[in-house]
Amino acid sequence: MTTTIDPTEVAKFEAMAAEWWDPNGKFKPLHLMNPCRLDYITMQIAAEYDRNLVAPHPFEGLRILDIGCGGGLLSEPMARLGADVVGADAAARNIPVAQVHAEQSGLKIDYRVTTAEDLAATGAQFDVVLNMEVVEHVADPLAYLTACRQLLKPGGLMICSTLNRNPKSFMMAIVGAEWVMRWLPKGTHDWAKFITPEELYDLIRRAGLDPVDKQGMVFNPVSWRWSLSDRDLSVNYVTASVKR
Amino acid sequence: MEHDADILIVGGGLNGPALGLALAQGGLRVAVIDARPAPQRAEAGFDGRAYALAIASKRLLAAIGVWGALDGKVQPILKIKASDGRPGQGPAPFFLTFDAGELEEGPMGYMVEDRHLYAAFLEAMRSAPGLELISGETVVAQDGAPQGVTVTLASGRVLRGRVLVGCDGRASGVAERAGIKRQGWGYGQTALVTAVRHERNHEGTAHQYFMPSGPLAILPLPGGHHSSIVWSEADAAAAAIQALDDAGYLEALRPRFGDFLGEISLAGARFTYPLNLTLAEAFVRPGLALVGDAAHGVHPIAGQGLNLGFRDVGALAEVLILAARRGEEIGALDVLQRYERWRRFDSTALALGMDSVNRLFSNDNPILRAGRDLGLGIVNALPGLRRGFMRQAAGLQGELPKLLAGQAI
């Protein structure tokens, strides 16, 4: 179901959308990381569903769910690649903002105020579930991942990223990103809720999915860019899992 | 908004077609808008205009399917000799010699004539799927709409795209219409460009003489008995030389050229290019990017202008193709800024570097002269340092775009 936007509120939402999508604004860290996340997501989907990324609209016919969609930083690229996208966010204020921006971008995306658990209860199913930087914020990761599994069609693909828990991730994600760089408001992350790759693989298996791949996402302060790494999963990392 | 193409490229010289071919190969739809009618340029006869292609540039041409058509029409540069000189006095005691044998990549570069290079581009563009070449059309207006860019052609045709790229040279109309200012420095020098026929075979050797009035480059053309000349003089002297008849021109050139290749005669048309350095204050805007001389016009010492342009082409093609594959909005400022960050430092450093080389050598102060003779001798005596210079000149240093390493994106 699509939320209808009150016309008098549009200007406010446009301003908020501009803020979400400003690469040097409040969401700068997400914008910096986005190309790297998208590299992983697009390559995993292309490999799983045998799509050619050089062709126009390679994801045509795929139904993709973006959980915690925010302003639509992942939903829009997926729609641009031809997928049929549902963007879900539990924060009601994000949805009209994402809708206004999708309209400006000329993209059709079904944005909804809902949670993974509520959406799963409706019986909705998808070819791909994007579950990026969410699992470290939820109260019960196993229940949440179980809902993600329900949201997948048989053979469907879940991409899940989060933060590792070790002294280095405390220095980088809490001290570095929140205290020193002020990229994120203090208290954005609770380090105790970070999850090691072994713990995440275990949770994913217990939720009924098969983990098939994991890679680190590493920030290089010299090139000021994120890149994927086979070896370094010490702070940010991303996984791919398939529904049995 | 319906788009006629993903990328609208203004400028059909060399960077425009190269970028168009690279992008089309990467799956993007491209329109290349060229002010000149295509057949006229493709049928051009020998006029002596030629480029020194660095190895990285050759790799880019191979990767975008243009190099094959140049088979047998290029002259490998096997050796470069740089020396300090003064007209009528012969070479200074110290020479700087670069030999292809010291680089594992083979020749140090290739000389190719403008007419052959452009014909090869034209042939490749005609058979490239996803690329439309619009010849004989000028742009009269451009507009950055929220969901894309629009250009209006003189014929009234309107084209819509996601990104507008200016490959339209140092007087870039794309930059001007976008309100991008440029900084420029004049040198008070003009390059005289022509081709000569000479008695002896050049054996693939390029020469660069640093004269008090400006550098003279002698660059080997195919066949062994023609060389391209790029000869810089102070503006007034250049104008006076250009005004001479062919016999007078040759008389002025002869003492500078020397007699090491035997008797010389003029073999091409005579061109002049005022030397200046220009730098656009920004290489990108939302939905817009500048490439080659439109972004940075450099002093043509060592022929780095085209090679720098091809680096821009490789970097911008890689940024745009990868962004499109990720589903990003390719006209978004943060996407285009990846290209700007990648290229701005490199091109500024090279522009300023060549500026100081020219200022150092275009001087007849005896102390400076002795110093640079010694400097050239020292560099020559240290193979490691010399190889570093060679790799730099060959375009093999810095973070290379994939196409310049000969890899597909």
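**Exercise 1. Burial and build of chain B**

Find what share of the 409 residues in chain B is buried.

*Solution.* Start with burial: buried residues (20 or more other C-beta atoms within 10 Å of their own; exposed means 12 or fewer, partly exposed in between, with C-beta atoms placed from the backbone) make up 49% of chain B. This is a predicted model, in which local features need pLDDT of at least 70 and side-chain atom pairs pLDDT 80 or more, while totals for chains, interfaces and linings use all residues. Residues are numbered from 1 along each chain as its sequence is written, and chains are lettered from A and ligands numbered from 1 in the order in which they are written.

Next, count the elements: chain B holds 11 helices and 21 strands (DSSP runs numbered from the N terminus, H or I of at least four residues for helices, E of at least two for strands). Last, look at the contacts (C-beta atoms, placed from the backbone, within 7 Å): of those in chain B with a separation of 6 or more, 75% join residues 24 or more positions apart.

**Exercise 2. A sheet in chain B**

In what order do the 6 strands of the open sheet in chain B stand?

*Solution.* Reading across chain B, the order is β8-β2-β1-β12-β20-β19, and the pairing (at least two DSSP bridges between two strands) is mixed. Now look at the two ends: β8 (131-135) and β19 (284-285) of chain B each have a single partner strand, so one side of each lacks a neighbour in the sheet.

Move inward to β1 (residues 7-10) and β12 (residues 163-166) of chain B, which run parallel and share 4 bridges. Here you can spot B:Val10 opposite B:Gly166 of β12(B). Then add a helix: α1 (residues 15-25) of chain B packs on this sheet and touches β1, β2 (30-34), β8 and β12 of chain B. The direction of α1 makes about 170° with that of β2(B) (axes are lines fitted to C-alpha atoms, for helices over the stretch in contact, and angles run from 0 to 180 degrees between N-to-C directions).

**Exercise 3. The cores**

Which residues have the most contacts inside the largest nonpolar core?

*Solution.* They are B:Leu8, B:Ile9, B:Leu19, B:Ala289 and B:Leu320, in a core (buried Ala, Val, Leu, Ile, Met, Phe, Trp, Tyr and Cys joined through C-beta atoms within 7 Å) of 111 residues. Helix α8 (residues 304-326) of chain B gives the largest share of this core, 12 residues. Zoom in on B:Ala289: leaving aside residues up to four places away in sequence, its contacts include B:Val163, B:Val165, B:Leu316 and B:Tyr339. A second, separate core has 57 residues, among them A:Leu65, A:Tyr111, A:Val135 and A:Trp226.

**Exercise 4. The sheet of chain A**

Name the edge strands of the open sheet in chain A.

*Solution.* First lay out the 8 strands of chain A, which follow the order β3-β2-β1-β4-β5-β8-β6-β7 with mixed pairing. The edges are β3 (110-113) and β7 (225-229) of chain A, each paired on one side only. From one strand to the next, the twist averages 20°. At one end, β2(A) and β3(A) pair in the parallel sense over 4 bridges, and A:Val86 faces A:Asp110 of β3(A).

Two helices come next. Helix α6 (residues 141-150) of chain A lies across β4 (126-132), β5 (152-163), β6 (209-220) and β8 (236-243) of chain A, at about 145° to β5(A). Helix α8 (residues 197-206) of chain A lies across β5, β6 and β8 of chain A, at about 150° to β6(A).

**Exercise 5. Annotated positions in chain A**

Are A:Gly68 and A:Asp89 buried or exposed?

*Solution.* Begin with the record: in an unreviewed entry, UniProt places "binding site" at A:Arg37, A:Gly68, A:Asp89 and A:Met132 (numbering as used here, feature names shortened, annotations possibly inferred rather than shown by experiment). A:Gly68 sits in the loop between β1 (63-67) and α3 (75-80) of chain A, and is buried because it has 21 C-beta neighbours inside 10 Å. A:Asp89 belongs to strand β2 (residues 84-89) of chain A, and is buried because it has 23 such neighbours. Finally, check for a link: beyond four places in sequence, A:Gly68 touches A:Asp89 and A:Val134.

**Exercise 6. Where the chains meet**

How many residues does each chain bring to the contact?

*Solution.* Chain A brings 16 residues and chain B brings 12 residues. On the side of chain A, α2(A) gives the most, with 5 residues. By class, that side has 9 nonpolar, 5 polar and 2 charged residues (Ala, Val, Leu, Ile, Met, Phe, Trp, Tyr, Cys and Pro are nonpolar, Asp, Glu, Lys and Arg charged, the others, Gly among them, polar).
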